[in-house]
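Welcome, and thanks for taking a look at this one. Please open the model in your viewer and keep the sequence at hand while you read.

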Amino acid sequence: MAEMGSKGVTAGKIASNVQKKLTRAQEKVLQKLGKADETKDEQFEQCVQNFNKQLTEGTRLQKDLRTYLASVKAMHEASKKLSECLQEVYEPEWPGRDEANKIAENNDLLWMDYHQKLVDQALLTMDTYLGQFPDIKSRIAKRGRKLVDYDSARHHYESLQTAKKKDEAKIAKAEEELIKAQKVFEEMNVDLQEELPSLWNSRVGFYVNTFQSIAGLEENFHKEMSKLNQNLNDVLVSLEKQHGSNTFTVKAQPSDSAPDKGNKSPSPPPDGSPAATPEIRVNHEPEPAGGASPGATIPKSPSQSSLPAVVVETFSATVNGAVEGSSGTGRLDLPPGFMFKVQAQHDYTATDTDELQLKAGDVVLVIPFQNPEEQDEGWLMGVKESDWNQHKELEKCRGVFPENFTERVQ
């Protein structure tokens with residue numbers, strides 16, 4: 001007999017799962033209508049609010065830190081291009097050429113070192129800090145479901161006790177179920193009551209360490225970069241003195257109709273002239289062949305320039321993504337109601353019969369809940385793609401799973 005997936009769902013478990021969902025849904029409806037009291041814990045609710053606030057702030061910090069790192073990388077590339085430009089225009093007979101090249105090499109190494117240290121001392125710490133949130137978030141949601149189970153068992157037990165015709169056997173069984181539900185809920189509740197305040201208090205030390213690391217790295221980087229810039233300035237001052245001011249006389253630029261015929265001997269271009277100012281190219285077009293003189297280059301106007309490469313790439317990715325995304329529409333090998341695919345980013349151990357057991361890398365086909373009232377916040381309904389391809393039976397394979405353990409792939 002073929003295996004029914006890692007969850008090993010049996011007919012008895014399916015029935016139990018369906019009954020549990022029905023009971024929870026009924027309890028929630030009664031609570032919303034005010035016909036059943038709901039167990040409240042204001043202190044815990046405050047802890048949950050703090051947790052959500054902390055997660056939001058941490059996620060934003062992670063996003064902004066990645067943006068900062070991307071900017072550092074972009075500045076590195078821009079600085080490298082400037083250094084390469086100086087190396088190209090620095091003629092072999094000019095004094096200080098070797099020093100200028102060495103400064104350019106050290107400049108490149110300094111940027112690389114700064115970026116890597118930011119990754120090691122800030123970004124990786126940030127990722128580790130946020131890595132603890134998905135598990136706790138899923139446990140908070142789990143606690144909410146177990147609280148509903150506990151309230152439902154409590155109300156059922158109370159109704160049997162107050163019934164006109166008492167059935168002692170049913171009362172005893174209901175009491176047993178109540179004790180069991182209460183134990184499960186209280187175990188989860190006690191653990192979270194201890195962990196959430198501790199996690200909330202840890203944020204202060206984390207923020208201090210993170211921003212101290214960033215500030216210290218940036219301070220050292222600018223100190224070292226300042227030294228390199230001073231060295232480069234000294235080299236250029238020496239070059240200017242040794243060549244004399246007459247060599248750097250600014251001459252009028254020849255027009256297209258009257259080219260300069262007299263100046264045949266090459267000389268360094270004056271600072272500020274078109275020949276000394278490199279053209280800024282946003283579309284990374286290659287230099288024209290033939291060794292054209294920089295002095296003859298006419299910068300393009302905004303209307304003449306091509307779109308930046310990043311814009312072209314983004315547009316291309318958007319169009320291709322739209323085309324690729326539409327190819328899956330109407331496929332007959334997907335479960336009824338299929339909405340999209342997700343991939344597990346972390347292992348998840350199922351703690352209830354209605355949950356999916358996930359391993360990092362598992363692909364899950366997401367489908368809607370049969371009853372939207374049963375969907376808890378942060379949870380999705382789906383079937384693992386491997387189980388669906390093997391059985392094609394939703395009742396045997398589907399289950400709920402925490403959304404924050406996965407990432408949408410289609």
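Is Lys392 buried, partly exposed or exposed? With a relative accessible area of 41%, Lys392 is partly exposed, because the partly exposed class runs from 20% to 50%. Do keep in mind that this is a predicted model.

Lys392 is worth a second look for its backbone too. The residue sits in the loop between α7 and α8, and its phi is positive, about 55 degrees, although Lys392 is not a glycine. As background, most residues other than glycine have a negative phi.

**The overall layout**

Let us step back to the whole chain. The protein chain contains 8 helices and 5 strands, and along the sequence they come in the pattern α-α-α-α-α-α-β-β-β-α-α-β-β. Of the 410 residues in the protein chain, 31% are buried.

**Salt bridges**

The structure holds 20 salt bridges. In general terms, side chains of opposite charge can pair when their charged atoms come close. Here are three of the pairs, with their N to O distances.

| Acidic residue | Basic residue | N to O distance |
|---|---|---|
| Asp352 | Lys146 | 3.3 Å |
| Glu385 | Lys341 | 2.9 Å |
| Glu395 | Arg398 | 2.5 Å |

Take the salt bridge between Asp352 and Lys146. This pair links distant parts of the chain, 206 residues apart: Asp352 belongs to the loop between β1 (340-344) and β2 (363-367), and Lys146 to helix α4. How accessible are the partners? Asp352 counts as buried at 8% relative accessibility, and Lys146 counts as buried at 10%.

The salt bridge of Glu385 with Lys341 also spans separate elements. Glu385 lies in helix α7 (residues 385-391) and Lys341 in strand β1, so this pair ties together parts that are 44 residues apart in sequence. Glu385 is partly exposed, at 22% relative accessibility, whereas Lys341 is buried, at 12%.

In the salt bridge of Glu395 and Arg398, the acidic partner Glu395 is partly exposed at 43% relative accessibility. Its partner Arg398 is buried at 16%. Elsewhere, salt bridges with shared partners connect Lys142, Arg145, Lys146, Asp352, Glu355 and Asp376 into one network.

**A cysteine in helix α8**

Cys397 is found in helix α8 (residues 394-397). Its relative accessible area is 4%, so Cys397 is buried, given that buried means under 20%. Cys397 and Glu385 are 12 residues apart in sequence, and their C-alpha atoms are 9.7 Å apart in space.

**Aromatic contacts**

How many aromatic pairs does the structure hold? There are 10 aromatic pairs. Tyr90 and Trp94 make up one of them, an edge-to-face pair with 5.4 Å centre to centre and 70 degrees between the planes. Both Tyr90 and Trp94 are buried.

Why does the pair of Tyr150 and Phe185 count as stacked? The ring centres of Tyr150 and Phe185 are 6.0 Å apart and the planes are at 5 degrees, so the pair is stacked; the cut-off for stacking is under 30 degrees. Tyr150 lies in helix α4 (residues 133-161) and Phe185 in helix α5, so the pair ties together parts that are 35 residues apart in sequence. Tyr150 is buried, with a relative accessible area of 14%, and Phe185 is buried as well, with 8%.

There is also an aromatic cluster to pick out in your viewer: Phe51, Tyr129, Phe133, Phe206 and Tyr207 form one cluster.

**A charged patch on the surface**

Which residues gather in a patch of negative charge on the surface? They are Glu186, Glu187, Asp191 and Glu194. Of these residues, Asp191 is placed in helix α5 (residues 168-243). Asp191 is partly exposed, with a relative accessible area of 37%.

Technical notes. Residues are numbered from 1 along each chain as its sequence is written. This is a predicted model: local features need pLDDT of at least 70, side-chain atom pairs count only at pLDDT 80 or more; totals for chains, interfaces and linings use all residues. Side-chain values use heavy atoms; hydrogens and water are left out. Patches are made of residues with over 30% relative accessible area and no salt bridge: like charges are joined within 9 Å, nonpolar side chains (Val, Leu, Ile, Met, Phe, Trp, Tyr) within 5 Å. Accessible areas come from the Shrake-Rupley method with a 1.4 Å probe; for residues, only the protein chains shown count as cover. A salt bridge is a side-chain nitrogen of Lys or Arg within 4 Å of a carboxyl oxygen of Asp or Glu. Lys and Arg count as positive and Asp and Glu as negative; His and the chain ends are not counted. The place of a charge is taken as NZ of Lys, CZ of Arg, CG of Asp or CD of Glu. Helices (H or I, at least four residues) and strands (E, at least two) are DSSP runs, numbered from the N terminus. Buried means under 20% relative accessible area, exposed over 50%, partly exposed in between (1.4 Å probe, protein chains only). Rings of Phe, Tyr and Trp (its six-membered ring) pair if their centres lie within 6.5 Å; planes under 30 degrees apart count as stacked, over 60 as edge-to-face and the rest as tilted.
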